[in-house]
Amino acid sequence: MFRRREPVPFAFIAEADNFRSNVTPPPRERASGGQIAGRWLMGLTLTAALAGSLILGMPALSQDPSPAHTQHSEASDGR
């Protein structure tokens, strides 16, 4: 009988080294012009959305050192 050199759980690793396939995978299909244009358009849209969110969000993130208008109640003026 054939005696294994390794314990049973790792025997498949030793046997996998001996197996070689002669079957080559089929070549990848080339993307059509419409698919390439769609990918570029999607990337451009995502980039523009990120840039736009940064441009619109920057004023909200900035800290104003001196507030231009302080709010106070008109009811407190009459006292």
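Trainee: Which backbone oxygen does the side chain of Thr 45 reach at 2.7 Å?

Mentor: Good place to start, and keep in mind that this is a predicted model. Thr 45 lies in helix H2, and Thr 45 is partly exposed, with a relative accessible area of 46%. At 2.7 Å, the backbone oxygen that its side chain reaches is that of Leu 41.

Trainee: How far apart are the end C-alpha atoms of helix H2?

Mentor: Let's begin with what we would expect. Helix H2 takes in residues 33-61, and at 1.5 Å a residue its 29 residues should span 42 Å. The model agrees with this, because the end C-alpha atoms of H2 are apart by 41 Å.

Trainee: Where does H2 bend by about 25°?

Mentor: Look for a proline, Pro 59, in H2. Pro 59 follows the bend within four residues, and the bend is at Ile 55.

Trainee: Is Leu 54 buried or exposed?

Mentor: The place of Leu 54 is in helix H2. Together with Met 58 and Leu 61, Leu 54 makes a nonpolar surface patch of about 350 Å². The cut-off for this class is over 50% relative accessible area. Leu 54 has 55%, so Leu 54 is exposed.

Trainee: How many of the 29 residues of H2 are buried?

Mentor: Here is the wider picture: the chain has two helices and zero strands, and buried residues make up 1% of its 79 residues. The chain exposes about 8,500 Å², with carbon and sulfur atoms supplying 62% of that. H2 lies largely in the open, because its number of buried residues is zero.

Note on methods. Residues numbered from 1 in each chain as written. Predicted model: local features only at pLDDT ≥ 70, side-chain atom pairs only at ≥ 80, totals over all residues. Heavy atoms only, no water. Expected span 1.5 Å × (residues − 1). Bend = angle between axes of the 7 residues up to and from the residue. Buried < 20%, exposed > 50% of the residue type's maximum accessible area, 1.4 Å probe, protein only. Patch = residues over 30% accessible without salt bridge, like charges linked within 9 Å, V, L, I, M, F, W, Y side chains within 5 Å. Areas by Shrake-Rupley, 256 points an atom, 1.4 Å probe, with all protein chains shown as cover. Salt bridge = Lys/Arg side-chain N within 4 Å of Asp/Glu carboxyl O. Polar contact = N/O pair within 3.5 Å; in protein donor to acceptor, adjacent residues only side chain to side chain.
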